[in-house]
Amino acid sequence: MVDSASLLAVLPELILTAGGLVLMLVAAFGGDGSARVVNWLSVITLAIAGLALSCSLAHGPDAFDGLYRADAFSVFAKALIYGAAAAAILLAPRFFSVDGAPRPEYPVLILFAAIGMGMMVSAGDMLTLYVGLEMNSLASYVLASFMRQDERSSEAGLKYFVLGSLASGILLYGISLLYGFTGSTGFDGIAVALGDGVSKGELFGLVFVLAGLAFKISAVPFHMWTPDVYEGAPTPVTTFFASAPKVAAMGLTVRVAIEALGPAGLDWQQIVIFVALASILFGAVAAIGQTNIKRLMAYSSINNVGFALIGLAAGTPAGVAGTMSYMAIYVLMTIGAFACILQMRDADGKPIETITSLAGLSQSRKGLAAALAIFMFSMAGIPPLFGFWAKFLVFDAAVAAGLTALAAFGIAASVIGAFYYLKIIKTMYFDEPTVAYEAKGGPVENIVLTACAVVIVLGYLLNPVLDQASAAAAASLF
């Protein structure tokens, strides 16, 4: 039933929809000359949608007869999604202006992707889940191949589309199995049916659903698209892929596991533990030999997804809270790191992506080298930076849930992962200078990376706020 209360619950999505449609018309009539205006209006639209989250939360947990959830969990995830999407828009103009005028379609596509991501984390039904996921995916396929004149970008878009379609098919097949054996597509109905025992048909459906979702979070063994897409897509698009959709997919996975598949916890917990272990180990080992910094960040994202899944494997409110806190800190580290990568340009302003080009950066660009070092140390989990706290939360939740061996493995694998992060710092501070980058970075890039670096360094001051918000988000699922 559609009523005013339900419409109030989806107010953020309505704002983004209206803003996206209007700005699409502005882009169509204004041409490339409207790119700057469309960029800033898109950021303002995301900010207004973020403010509307309080109205969404005030409505109550369910809307549209349970198809949509407007709870603390969705609000927490959407706040991260909208913030990351806004950062990806702000960081883009200087990159795209190197090869011509910036394109106004870019921020519009991100707005439409944000609508889909919002539906993903608010889904209360498998059909809502699928519609939101596909809306995000369709915009993402276009974004990956946004620079049509670049062969790498076109190849990235094609690979993402083919493998994404395969994953969507696997997910849809899993949904159909769950519907066939439980008689419901609603999360509550599926949970009730699984509470009577998990049949073989339901187990197969559960496996297929988790496999489809594992692709979206780029977890092993469904990670194969990530390095190629991250390397081939334009760097601002890679920034977006590594942050907002990652939060949306992880939020969706957590909601499905806890709300829909909760009674089958012993079954999906084994799958999540395997995926977490494989992602941590593979992401750490495969990144060691990388020479392209965007490919390295792709394997880093796989590694970080594994750590975040440790919290989900615990299956407790503390574990879910740890996972969401991890994603919040991960988004800050990722956006900051990519803001630094966007400043890797030669004297002509052309992007440089090789790790060896960072040699001697501490001498030519001291501020940039210091900021990138902060993000690398934080991703490695070195205290007292905020990245250490993210790992501590998920390990603590795993130990409290009796998964001490899993936490121990994660701690040991952190040492392997630290190697390639420290290799970048060693290159910047101890290798002989090679290519000199541009003397100055863009003002927006500098503001974004400085803000992220300050939060990463002083993040422990925000612990009370972050812990309270993530705990409230987790409690709304139980």
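How do the residues lining the largest pocket divide into nonpolar, polar and charged? This is a predicted model, and here the lining of that pocket comes out as 22 nonpolar residues, 1 polar and no charged.

Let's have a look at the pocket itself. The largest pocket has a volume of about 530 Å³. It takes 23 residues to line it, and if you want to find its centre, go to Leu80, Ala328, Val331, Leu332 and Val455, which are the closest to that point. Four elements each give two or more residues to this lining: helix 5 (72-90), helix 17 (317-341), helix 22 (443-458) and helix 23 (463-475). Helix 5 is the top contributor, putting in 8 residues.

Now for the second largest pocket, which holds about 290 Å³ of space. Its lining is made of 15 residues, and the ones nearest the centre are Arg36, Leu90, Pro93, Arg94 and Val444. Helix 5 and helix 22 turn up again here, each giving two or more residues, along with helix 3 (35-51) and helix 6 (93-96). This time helix 3 gives the most, with 4 residues.

What about the classes of residue lining the second largest pocket? There are 9 nonpolar, 2 polar and 4 charged residues in that lining. So much for the walls one by one; put the two side by side and you get a lining with no charged residues in the largest pocket, whereas the second largest pocket has 4 charged ones. Helix 5 and helix 22 each give two or more residues to the largest pocket and also to the second largest.

Terms used
Residues numbered from 1 in each chain as written. Predicted model: local features only at pLDDT ≥ 70, side-chain atom pairs only at ≥ 80, totals over all residues. Heavy atoms only, no water. 1 Å grid on protein atoms, 1.4 Å probe; cavity = no way out; pocket = protein on both sides within 12 Å on 5 of 7 lines; lining within 4 Å. Points joined across faces, edges and corners; volume = space filled by probe spheres on them. Nonpolar A, V, L, I, M, F, W, Y, C, P; charged D, E, K, R; others polar.
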